[in-house]
Amino acid sequence: MLPPGFAQRMRGLVGTDGVVDRPESLLVYECDGYTLERAAPEAVVLPRTPAEVAQVIRALWKDGVPFVPRGAGTGLSGGTLPVEAPVMVCTSRLQKIESIDIANRRVVAQAGVVNLWVSRAVKDAGLHFAPDPSSQNACTIGGNVAENSGGPHTLKYGVTTNHVLGLELVLPTGEVVQLGGPVEDRPGYDLTGLVVGSEGTLGLVTRATLRLTRVPESYRTFLAVFDSVADASEAVSGIIASGIIPAALEMMDGLILRAVEDAFHAGLPVDAGAVLLIELDGPEAGLPSQSEEVRELCKAQGAVEVRTARDDAERTLLWKARKRAFGAVGRLAPNYCTQDGVVPRTQVPEILRRISATAEKHSLRIGNVFHAGDGNIHPIILFDERNAGEVERVLAAGTEILEACVALGGSVTGEHGIGVEKIAQMPLLFSPEDLHAMATLRSVFDPQRRANPHKLLPDSKVCVEARAPRRQAAM
Amino acid sequence: MSQSLRTSPFEEAVGAEYVAEATAGDAIDGVAPRWVVEPGSVKEVVEVLKVAHQRDLTVIGRGLGRHLTLGNPPRRADVIVSLGRMNRVLAYEPADMTVRVQAGCSLVALGSALHENDQWLPLDPPRAPRTTIGGVLATNLAGPLRASQGTARDLLIGIRTVGPDGTVVSGGGKVVKNVAGYDLPKAHVGALGTLGIIVDATFKVRPRPQHEGALEISCSDGAYAAGLALELRDTCEPFWLQIANDGAPPKPWRVIVGAGGRHEEVVAAVESYRATAEARGALSRTVPNAAEVRRDLADASAQLAHVVLKAATLATRVGAWLDVLETAAVRVGATPRFHADLVCGVIRMSIDSGSAENLGELVAELRPRFEDEGGSLIVERATSTQKEGLSEVGGVWGDPGPGLSLMRGLKEAFDPAGRLAPGRYVGGL
C-alpha cells in the first residue's frame with residue numbers, strides 16, 4: 001500500500017532507528033489501551049524533533065498517505081487505531097521540556113513529554129501541572145491535549161483545556177502553525193481551545209505551552225466507609241450541596257475495594273459496600289472547619305467510619321490504591337472492560353442502580369471506581385473471553401450503560417474520548433446539524449481527512465474487524 | 001429608511017410588534033441598521049435568520065447593547081437581532097451545579113437565581129448588571145475575579161447557536177465533564193457573534209464564597225506596584241489582585257488584593273498579604289467592603305467616556321509595560337488611568353476621549369512592541385471616529401498571529417456569505 005521506497009525515505013528524515021516496519025515489531029502498535037479492536041499500521045515513524053514531524057507529515061501529504069498520531073498509547077477509546085491510515089507518527093521521542101518560566105508559571109513541553117515529568121520539573125518551585133490522569137506516569141502531554149484529559153483532581157482544578165495556553169500544530173499539509181502562546185488573550189478565535197480534545201483529527205500537536213498551578217499549601221485526605229453505594233452517593237450530593245469543593249471526590253465500590261486491598265494492602269475496609277476518597281486542599285487556615293463539615297456530612301449519610309490520612313505516606317498510599325485500582329482488577333477476572341460516562345451529579349445514585357440492573361440482566365459482574373464529584377462514572381465490566389457469548393454480553397452492557405447516561409442528561413465520555421469506540425453513540429448526543437458543524441470545523445483544518453481518519457465523527461461505514469477483547473489498561 | 005414597518009420582511013417571523021425600524025441610537029460605530037428585530041424563541045431566531053439569508057441581509061446580535069463598542073466598525077449592519085425577550089433561566093439544578101440560560105438573560109437576573117442557593121457564576125465584566133449572557137460570551141470580557149475563576153471560556157460547558165442560514169447547532173452538553181466531539185462552544189467565546197447567534201448556554205456554577213476581604217497598599221509607581229503584586233501572588237493564591245491608578249495625585253498607584261472563602265481563610269490570607277507588604281516597608285490598609293470594591297474595580301475602566309486600551313503580557317512584564325504606557329500616554333497629552341490584573345497579565349489603560357485625538361499614533365507606537373513579545377494591544381473602547389483613525393494601524397485588534405488563515409477558514413466555513421457581524425472581528429472577519 002505504501003509507495004515504493006517509503007521506509008527508506010523516512011529513515012532519511014528521522015534516522016535509521018526511527019522507522020518500524022517489520023511485522024513482528026508492529027504488533028506493539030496494533031492497539032492502545034482500548035483492546036477490543038486491533039489493527040497494525042504498515043509503518044511507524046518516530047521523529048526526534050518537532051521539525052522532523054513537520055518534514056514527515058509534509059512527505060506523507062505529497063504521497064497522499066493518511067496518518068495516525070500516537071503518543072504513549074495509553075488512550076482508552078482506540079484513538080490510535082489505524083483505520084485506512086497506514087502510517088503511524090509517534091511523538092514518543094519528542095521528550096524535551098523546552099522552557100520553564102517559574103515566575104510566569106509557564107512551561108513549553110514537546111508532545112512526547114510524560115505528564116508527570118512536567119510536575120516533577122517544577123516541584124521545587126512549589127508548582128505543578130494540574131491535570132492528573134491516572135496514567136500520568138506514562139501518558140504524554142500530546143495525548144492529554146488530544147483527549148482533553150482529566151483525572152481525579154479536575155473537580156476543583158479543571159481539565160487539560162483549562163491549562164493549555166498555546167500549541168504548535170502541524171497541519172496535514174506539513175505546514176506548522178503557532179496557536180496562542182504564553183501570553184493570554186491574543187485576539188481572534190480560540191483555535192487552541194478547538195484543537196484541545198480534537199483527538200488528533202485536526203493535525204499533529206508537537207509542542208504545548210502549559211499553565212502551571214501552585215501546589216496547595218495543605219491537604220486533608222479522608223476515607224469514608226459506607227455500607228452501601230447508595231449511602232455513599234448521597235454523601236457525595238451532600239458534600240457538593242454544602243458549598244465545599246473538594247479537590248477530589250472518588251468512589252470505589254465493594255468489589256473494587258477487595259481487589260485493591262488484595263493488591264496493595266492499604267488497609268481498606270474489605271467488608272464495606274463502598275468508600276469515598278475525599279481530598280480537601282488549599283490554605284491551612286480553611287481546612288479544619290471544612291474537614292469537620294465533611295466528616296459530619298458523611299456521618300449524617302450513614303458513614304460507618306471516616307478515617308483521615310495521618311501523614312503524607314498514608315495519603316500517598318490511598319492515592320496509589322485509587323489510581324492503580326484498574327490494575328488490581330486483573331485479580332478478579334481474566335478480562336475486564338472499562339467504561340467512561342457522565343451523568344449530572346444528582347443522577348449518580350440512579351446511574352449506579354441502572355448499572356447494577358444491567359449487570360444482573362447480562363449475568364456480569366460490574367465494579368465501580370470513579371470520579372463521583374464530577375458525575376464521571378467508570379464501570380468496570382469483568383468477564384472471561386473464553387466463555388461463549390460473554391464478549392457480546394459485555395458490549396451490550398456497555399452500550400446500555402452509555403445510553404442510560406445520555407437518557408439521564410449526561411454524556412458518553414467524560415475523559416476517554418470518542419476514538420473508534422464511541423462513534424456509534426455520537427448521534428445519541430448530537431443532531432445531524434451538530435455533527436455537520438463538527439465535520440465543517442474539521443474540514444477547515446483537514447479537508448482531505450488525512451489526520452487520524454475515521455475517528456471521533458461518524459463519517460463513513462468503515463468497519464474494523466472486532467477481535468477478541470483482552471485486557472483493558474488503566475484510565 | 002424607505003421601507004415601512006408594514007413591509008418589513010420580519011413581520012411574519014416575529015410578529016409586527018417585535019419589529020422596529022432602527023433609530024440613530026441603534027447605530028454601531030456609526031453604521032446604521034435598518035431594523036431591530038426581537039425574537040421571542042429559538043424558532044423565531046431561526047425564522048429571522050432564514051429571512052436574512054434569503055434577502056442577503058447582514059445580522060448583528062445584541063443583548064442590552066452595553067458592549068457593542070468592542071470591535072471594528074461593521075461593514076454593514078442591516079438587522080439587529082435583539083435577544084432581550086429571550087431572558088429566561090431554562091434549567092437550574094443547584095445540586096448539579098449547572099445552569100442553562102437564554103442568551104438575553106442578564107448576569108444580574110441569573111445571579112439572583114443562583115444567589116438563593118449560595119451559588120454564583122463568577123463572571124464580572126464591566127457593567128455586569130447591564131450585561132447579558134450572550135454579551136459576556138460574545139466578548140469574553142472579564143473582571144478581577146478572572147484571576148482565580150477564569151473567564152467565560154472556563155465556565156461554559158454547552159452552547160446553542162443559530163447559523164447564518166437558520167441552522168440550529170448545539171455543542172458541548174449539560175454535564176461538567178464531557179469530551180464527546182469537538183469543543184464547539186470555544187469557537188463562539190469572544191467571537192463577537194461572527195460564527196453564529198448565541199441563543200442559550202450552559203455553565204458550571206460555583207459556591208459563593210462565604211466571606212470576602214481585601215487589603216490595599218499604596219505604591220510610589222507602577223513598577224513598584226507590579227513587583228509587590230508579584231510577591232502577593234506568591235504569598236497565597238489571591239481571589240483577585242489588581243493594580244490601579246485612577247489618576248488622583250500625589251500617590252495614585254495602589255495594589256488591591258482580595259481573598260475569598262471561609263471567614264478564617266479570609267482573615268489568614270489578608271494577614272499574610274499584610275506581612276508581605278510590611279516586609280517591603282509598604283503601608284497597607286484593610287478594605288472594609290471588599291466585594292463592593294471588587295465590583296467597582298470591574299467597572300472602573302468602562303465608567304467614563306473613555307478610550308480603553310487593553311494590553312496583554314506576562315505577569316513579570318506588567319511593571320515595565322505600565323511605565324512604557326504611562327510615558328507614551330503623557331507624551332500625547334493624556335492623563336492615563338490604569339487597572340491591571342497581574343495574575344492574568346492584563347493591563348487596561350483608559351484615557352479621556354478628549355485627549356485621544358492621537359489614538360492612532362499611540363497604537364502605532366505601542367502595539368508592535370507588545371506583539372513582538374507575543375502579547376497584544378487592542379482598543380477595547382473608542383468612538384467610531386477614533387476607530388477610523390486606526391484603520392492604518394491594524395484596527396482595534398492588531399495582529400491575531402499566525403492562526404489568521406485558519407480563522408479566516410473558520411469564518412468562511414460557518415458564515416460563507418459573511419453576513420454575521422461582517423468586518424467586526426480580527427483581520428476584517
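Reader: What links A:Arg106, A:Glu184, A:Asp185, A:Arg211, B:Arg146 and B:Lys310?

Author: Salt bridges tie these residues into a network; the term needs a side-chain nitrogen of Lys or Arg within 4 Å of a carboxyl oxygen of Asp or Glu. Keep in mind that the model is predicted: local features need pLDDT of at least 70, side-chain atom pairs count only at pLDDT 80 or more, and totals for chains, interfaces and linings use all residues. Side-chain values use heavy atoms, leaving out hydrogens and water, while residues are numbered from 1 along each chain as its sequence is written, and chains are lettered from A and ligands numbered from 1 in the order in which they are written.

Reader: What makes A:Arg105 and B:Glu237 a salt bridge?

Author: Their N to O distance is 3.0 Å, so the pair meets the rule. It crosses between chains, from the loop between β5 (97-101) and β6 (106-110) of chain A to the loop between α8 (222-235) and β13 (240-245) of chain B; helices (H or I, at least four residues) and strands (E, at least two) are DSSP runs, numbered from the N terminus.

Reader: Why is A:Arg105 called buried or exposed?

Author: Buried, because its relative accessible area is 9%, and the cut-offs are under 20% for buried, over 50% for exposed and partly exposed in between (1.4 Å probe, protein chains only). B:Glu237, at 40%, therefore counts as partly exposed.

Reader: Which other residue does B:Glu237 bridge to?

Author: A:Arg214, at 3.3 Å from N to O. That pair also runs between chains, with A:Arg214 in strand β11 (residues 213-214) of chain A. A:Arg214 has 21% relative accessibility, so it is partly exposed.

Reader: How do you know that B:Arg153 and B:Asp154 form a salt bridge?

Author: Their closest N and O atoms are 3.9 Å apart, so the pair still passes. Both residues are buried.

Reader: How many salt bridges turn up between chain A and chain B?

Author: Ten, and the whole structure has 55 over all chains.

Reader: How big is the area buried between chain A and chain B?

Author: About 6,100 Å², with carbon and sulfur atoms giving 59%; buried area is the accessible area (1.4 Å probe) that two parts lose on being put together, summed over both. On the chain A side, A:Val183, A:Pro187 and A:Tyr189 supply 14% of what that chain buries against chain B, more than any other three residues.

Reader: How many aromatic pairs are there over all chains?

Author: Six. In one of them, A:Tyr189 meets B:Tyr425 at 4.8 Å centre to centre with 50° between the planes, so it counts as tilted: ring centres of Phe, Tyr and Trp (its six-membered ring) must lie within 6.5 Å, with planes under 30 degrees apart stacked, over 60 edge-to-face and the rest tilted.

Reader: Why does the pair of A:Tyr189 and B:Tyr425 join two chains?

Author: Because A:Tyr189 lies in the loop between β9 (176-180) and α7 (191-195) of chain A, and B:Tyr425 in the segment after α14 (404-414) of chain B. Both are buried, and ring pairs link them with B:Trp397 into a cluster.

Reader: What makes B:Arg85 a charge over the face of B:Tyr18?

Author: B:Arg85 lies 3.3 Å from the ring centre, so it clears the distance limit (NZ of Lys or CZ of Arg within 6 Å of the ring centre and within 35 degrees of the ring normal). B:Arg280 lies over B:Tyr224 at 5.0 Å.
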